[in-house]
Amino acid sequence: AACATSFFLLGYSAHVTGTETLPQLWVSTVGPQSSAILELIMGMDTMMSCIGFAVVIADYMSISVAGLFPNVPVAFHSRQLLVMIVGGFILLPLCLLPNLHQLRFSSAFG
């Protein structure tokens, strides 16, 4: 409920101020002096979320690889290797997309 309320308040504030992005909303409500702090916080939040997703994905993948492919070498069961594979071939390309419009169909899956 707290997240929904926060998103509602952000959306309502953006509507009232006529802004479209969080940095624009920040500048119009707080001022331009501290906008660099907001950018830093948003970058750190995004980075930590990506690391968290990579760790969770690697945990499940290491269990899945061990169960689905028992004959592969033990080195492929390594979390570190799986984090590099998932990060390099799945998460990095998603992070580098200039426009997330291509992912709109995936919103239906949660």
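How many aromatic pairs does a search of the whole structure find? In this predicted model, the search returns 1 aromatic pair. The partners are Phe8 and Tyr12, whose rings are stacked. A pair of aromatic rings is described by the distance of the centres and the angle of the planes. For Phe8 and Tyr12, the centres are 6.1 Å apart and the planes meet at 15°.

The position of these two residues along the chain helps to place the pair. Both belong to helix H1, which covers residues 2-17. Phe8 and Tyr12 are 4 residues apart in helix H1, so about one helical turn separates them. As for their surroundings, Phe8 is exposed, with a relative accessible area of 54%, while Tyr12 is partly exposed, at 48%.

The cysteines make a natural next stop. A disulfide is a covalent bond between the sulfur atoms of two cysteines. The structure contains 0 disulfides. Cys3 takes part in none, and the nearest cysteine sulfur, which belongs to Cys50, is 19 Å away. Cys3 is also exposed, its relative accessible area being 57%.

Cys95 is likewise in no disulfide. Here, too, the nearest cysteine sulfur is that of Cys50, this time at 4.1 Å. Because a disulfide requires two cysteine sulfur atoms within 2.5 Å, the 4.1 Å between the sulfurs of Cys95 and Cys50 does not qualify. With a relative accessibility of 51%, Cys95 counts as exposed.

Technical notes. Residues numbered from 1 in each chain as written. Predicted model: local features only at pLDDT ≥ 70, side-chain atom pairs only at ≥ 80, totals over all residues. Heavy atoms only, no water. Buried < 20%, exposed > 50% of the residue type's maximum accessible area, 1.4 Å probe, protein only. Phe/Tyr/Trp six-rings, centres within 6.5 Å; stacked < 30°, edge-to-face > 60°. Helix = DSSP H or I, 4+ residues; strand = E, 2+ residues; numbered from the N terminus.
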